[in-house]
Structure formats: C-alpha cells, structure tokens
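Colleague: I should be grateful for a close look at the place where the two chains meet. Please explain it in terms that a first-year student can follow.

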Amino acid sequence: MTPHLDSISGGGDGGGDEGIKSETLKAMYIRVKRNKVTYFVQCDPTETTLEIKQKLQGLIDQTSNNQRLTLVSTNEVLDDSKTLADQKVENDAIVGLSIRKDDNEFEEVCIARVEDYTPFS
Amino acid sequence: MKKEETVKLISAEGFEFVVSKEAAMVSQTIRNMLTSPGGFAEAQHGEVTFPEITAPILEKICQYFYWSLQFASGKETEFHIEPELTLELMMAANYLHT
C-alpha cells in the first residue's frame, strides 16, 4: 500500500550499499596466518609491506619492526619498501606472520593445520 | 585496522579468523548478533564461536564474505568451491543466512 516506505526501510542488504562503503572497499584481501589465527586484511596491490604491517599493528600489539611477513606459496620474506604487486602477492594469498622473540631473532613461520586438531578422530 | 572494527570467528577446533565487521555482516545471522539492541555477549567481546563449524568451512565462509563485497562493488569473478566442501558449506551457509 505504501511502496515509498520500502525504499526507506528496506536497504542494508548487500547490493545497494556500495555508494556509502566504497571508501573502505579495497581491491583485494590477503590472509595473514600465525598458529591458529588468520587475519583477513583488505589491501590494494599498490600498498607496501610496511603498510600491511601497520594495519596488523592495531590487531596484534606488535610494532611493524617486530613483524616479519612471508609469502607462503614461495617462502619469500616480504620487503617493507616493496609493494604487494612487486612481490606477486595476489588476492587471497596466504602470508605467514612471525614475531620477533626475546633473543631478537624472528620465530619460524608456524601455521597450525586442521588435521592436528580434528575433534572427530 | 582497529580491533573494534573487526570480529573474531572461532571454529570447532579453536581456529580463529579475524575479519572486518563489514565483511562478517554479509551473514545475516552474524549481523543480528552484532547489532541487536539487547546485546549478545558476542557483540561486546567481538568474538563469535561456532562449535558446529570446522575450520576449513569457516575459512571458506570468510573468503566468501570478502568475495561477496568485491562482487557487490562490480568485480565479477567466480567463487571456487572444492566439491568435497559443498555439503558442509551449504549447511553452514543455511545457518548463517549467507
């Protein structure tokens, strides 16, 4: 009976929101993994490794120089000053996170596997 | 990224997936948990545990959230699902209203 009301209350279901959210929407995301935790980080191919570390800083309470990122598919350590595109880090890529230990060395990349934790065994 | 802008989704085995709230709210069930005025305990801690969803499925769901956001903004790619995941994934998607 009052179709004009629908357009006011009916929003919020995916499709119509892009106008508002386009600022936060990035071209891709990467999966940063350490042990049993995976961080989904939205980013652009033009961003540098350092910028990614700065984003992680807010989540893990470790400054960027205490973080090391390794592209899992090639086992290459990512360079702070280079962009993701330069280092062939693509959408949905898996990146291992290592934290600097007390003795100033970085820990090994360690990503837990599901098989070791399956509750149905 | 700030912690307040993210949610932690926890699988049956205790694997944790940290995603932005915007992405998680692709799921109507999670959106309700995070936005209902009564306040689920989940909303306050920014953590939701899914004792019935395994890690590979939950990870796939998180990938879907981001794919869905990309798709909504006009990037038309395919979303690949491994055949062995489909049944469990459908049950989880049904539960999450995704």
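Modeller: The account below begins with the contact between the chains and then follows the sheet that runs through it. Please bear in mind that this is a predicted model.

The size of an interface is often expressed as the accessible area that is lost when the parts come together. Here the area buried between chain A and chain B is about 2,500 Å², and carbon and sulfur atoms give 56% of that area. In terms of residues, 32 of chain A are in contact with 27 of chain B.

Polar and charged groups also take part. Between chain A and chain B there are 13 residue pairs in polar contact, counting pairs with both residues at pLDDT 80 or more. On the side of chain A that touches chain B, at least two residues each are supplied by α2 (18-21), β1 (28-34), β2 (37-43) and α3 (49-60) of chain A. The largest share of that side, 6 residues, comes from β2(A). Sorted by class, the side of chain A that touches chain B holds 14 nonpolar, 7 polar and 11 charged residues.

Let us turn to the charged residues. Side chains of opposite charge can pair when their charged atoms come close. Over all chains, the whole structure has 12 salt bridges, and the count between chain A and chain B is 3. In one salt bridge, the side chain of A:Asp61 meets that of B:Lys3, at 3.1 Å from N to O. In another, B:Glu59 and A:Lys33 are joined at 2.8 Å, N to O. This second pair crosses between chains, from helix α4 of chain B, which holds B:Glu59, to strand β1 of chain A, which holds A:Lys33.

The backbone must be considered as well. Strands of a sheet pair through backbone hydrogen bonds, either parallel or antiparallel. Strand β2(A) is joined by 3 bridges to strand β2 (residues 16-20) of chain B, and the two run parallel. Within this pairing, A:Thr38 has B:Phe17 in β2(B) as its bridge partner.

This pairing belongs to an open sheet of 8 strands, in the order β4(A)-β3(A)-β5(A)-β1(A)-β2(A)-β2(B)-β1(B)-β3(B), with mixed pairing. Its edge strands are β4 (76-77) of chain A and β3 of chain B, each of which pairs on one side only. At the chain B end, strand β1 (residues 6-10) of chain B pairs with β3(B) in the parallel sense over 3 bridges. There, B:Ile10 stands opposite B:Thr49 in β3(B).

In summary, the contact between the chains includes 3 salt bridges and 13 residue pairs in polar contact, while β2(A) and β2(B) pair in parallel across it.

Technical notes. Residues are numbered from 1 along each chain as its sequence is written. Chains are lettered from A and ligands numbered from 1 in the order in which they are written. This is a predicted model: local features need pLDDT of at least 70, side-chain atom pairs count only at pLDDT 80 or more; totals for chains, interfaces and linings use all residues. Side-chain values use heavy atoms; hydrogens and water are left out. Contact means heavy atoms within 4.5 Å. Buried area is the accessible area (1.4 Å probe) that two parts lose on being put together, summed over both. A salt bridge is a side-chain nitrogen of Lys or Arg within 4 Å of a carboxyl oxygen of Asp or Glu. A polar contact is a pair of N or O atoms within 3.5 Å; within protein, one must be able to donate a hydrogen and the other to accept it, and residues adjacent in sequence count only if both atoms are side-chain atoms. Helices (H or I, at least four residues) and strands (E, at least two) are DSSP runs, numbered from the N terminus. Ala, Val, Leu, Ile, Met, Phe, Trp, Tyr, Cys and Pro count as nonpolar, Asp, Glu, Lys and Arg as charged, and the others, Gly among them, as polar. Two strands pair if DSSP finds at least two bridges between them.
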